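User: Hey, got a minute to walk me through a structure? I'd like to talk it over piece by piece.
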Amino acid sequence: MLPTDEEFTLLELTDRLLNRGVVLAGEAVISVAGVDLIYLGLNVVLTAVENLRTRREPAALRNHDAAED
Amino acid sequence: MQLSKADALRHHADVTLVFETVEACLPARFPTLFADEASLGAELERRGRELATALDAVRGACELGVTAVWTNPEIASPEVDAAAPGMRYMLQRQAAIGGSERRRLRAVEVAEALEREAGSGLRRARRRVCPSTEVALSLALLVERQAAAELKQKLERQTQRDVRILVHGPWPPYTFAG
């Protein structure tokens, strides 16, 4: 049975995520969904995206979450 | 480290968030991992000139993906008229290869038609012809962001006699980042 339209879209997107895009570092081996790709021995610390995500959240939600802490 | 499809899709969500915020975005391949920010900074500095050129190439652009799916399956072992099994096998392989070649040429025709239809909004295109038995063409188009929505509708209206056209995106320019 052929994939559905949504499945084709997901296949195309996954292909782009795994096989395209800028390659900045290639020394690590990792396993994605059980498929061995490259060896990994690194930890990741990236704050820029977290900062962006925080800025995009509504202020009311951020304040509510902070109040619960 | 085990990563999953959910992680990959989360990566895409993060890349899209950045893409929607800036004029030029180079998605990194998933997964891209560094020990710390200093290591990342050093790599970006080392590759700075090359990445700046790559950013300029995608500035103001996004990616549309097109999948052309065959509407009729290709016959893996076509019927041939031959008494001897060896001859039958050779004729079947000949028919299959000829059929595959016809399909390849047809897929290229479809690619050319779609790229023409994209018109002046198209900056670059990258084709994968007959990537599987079901798919005639997987096409990546780098297009002007302002023109993307209209172009997507235009491509979705395309009809070809033997393929079904699916259009995906707009996406960050994964195919044109590397």
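Analyst: Sure. One term before we start: domain bounds here come from an automatic or database domain assignment. Also keep in mind that this is a predicted model.

User: OK, so what does the domain assignment of chain B give?
Analyst: There's domain 1, covering 5–58, and domain 2, covering 61–171. Taken over C-alpha atoms, the centres of domain 1 and domain 2 of chain B are separated by 30 Å.

User: And chain A, how many helices and strands does it have?
Analyst: Chain A has three helices and two strands. Going from the N terminus, its elements run α-β-β-α-α. As for burial, 10% of the 69 residues of chain A count as buried.

User: Back to chain B. What's the strand order in the open sheet?
Analyst: The open sheet has four strands in the order β3-β4-β2-β5 (chain B), and the pairing is antiparallel. The edges are β3 (122–129) and β5 of chain B; each has a single partner strand, so one side of each has no neighbour in the sheet. From one strand to the next the twist averages 15°.

User: How many bridges hold β2(B) and β5(B) together?
Analyst: Seven bridges, in the antiparallel sense. To pick out a pair, B:G65 has B:H168 in β5(B) as its bridge partner. There's a helix on the sheet too: α1 (residues 5–19) of chain A packs on it and touches β2, β4 and β5 of chain B, with its direction at about 55° to that of β5(B).

User: Is β5(B) mostly covered or mostly uncovered?
Analyst: Mostly covered, as seven of its nine residues are buried.

User: And what do β3(B) and β4(B) form?
Analyst: A hairpin, with five residues between the two strands. In the turn, B:C130 has a positive phi of about 50°. β3(B) and β4(B) pair over seven bridges, again in the antiparallel sense, and the bridge partner of B:R126 in β4(B) is B:A140.

User: Switching to packing. How many residues are in the largest nonpolar core?
Analyst: It has 33 residues. Those with the most contacts inside it are B:V66, B:A68, B:V110, B:A136, B:L137, B:L141 and B:V143. At least two residues of this core come from each of α1 (5–19), β2 (61–70), α4, β4 (135–144) and β5 (163–171) of chain B.

User: Which element supplies the largest share?
Analyst: β4(B), with eight residues of this core. By domain, the core draws at least three residues from each of domain 1 (5–58) and domain 2 (61–171) of chain B.

User: What does B:V110 touch?
Analyst: Not counting residues up to four places away in sequence, B:V110 touches B:A68, B:A136, B:L137, B:Q160 and B:V163.

User: Now B:E63. Why is it classed as buried?
Analyst: B:E63 lies in strand β2 of chain B. It's classed as buried because 26 other C-beta atoms lie within 10 Å, and the cut-off is 20 or more. Leaving aside neighbours within four places in sequence, B:E63 is in contact with residues including B:A140, B:L141, B:G169, B:W171 and B:F176.

User: How far is B:E63 from B:G119?
Analyst: Their C-alpha atoms are separated by 15 Å, and the two residues are 56 residues apart along the chain.

User: How about B:A95, where is that and what's its exposure?
Analyst: B:A95 is in helix α4 (residues 85–118) of chain B. It's partly exposed, with 15 other C-beta atoms within 10 Å. B:A95 and B:E112 are 17 residues apart in sequence, and their C-alpha atoms are 26 Å apart in space.

User: And helix α3 of chain B, how many of its residues are buried?
Analyst: One of its eleven residues, so α3 (residues 48–58) of chain B is hardly covered. After α3(B) comes B:G60, which has a positive phi near 75°.

User: Last one: at what angle do α1(A) and α1(B) cross?
Analyst: Roughly 85°, and their axes come within 10 Å. That makes α1(A) roughly perpendicular to α1(B). The contact is made by A:L13, A:T14, A:L17 and A:L18 of α1(A) together with B:A8, B:H11 and B:H12 of α1(B).

Terms used: Residues numbered from 1 in each chain as written. Chains lettered and ligands numbered in written order. Predicted model: local features only at pLDDT ≥ 70, side-chain atom pairs only at ≥ 80, totals over all residues. Buried ≥ 20, exposed ≤ 12 C-beta atoms within 10 Å, placed from the backbone. Core = buried A, V, L, I, M, F, W, Y, C linked by C-beta atoms within 7 Å. Contact = placed C-beta atoms within 7 Å. Pairing = 2+ DSSP bridges. Axes fitted to C-alpha atoms, helices over the stretch in contact; angles between N-to-C directions. Parallel < 35°, antiparallel > 145°, perpendicular 65-115°, else oblique.
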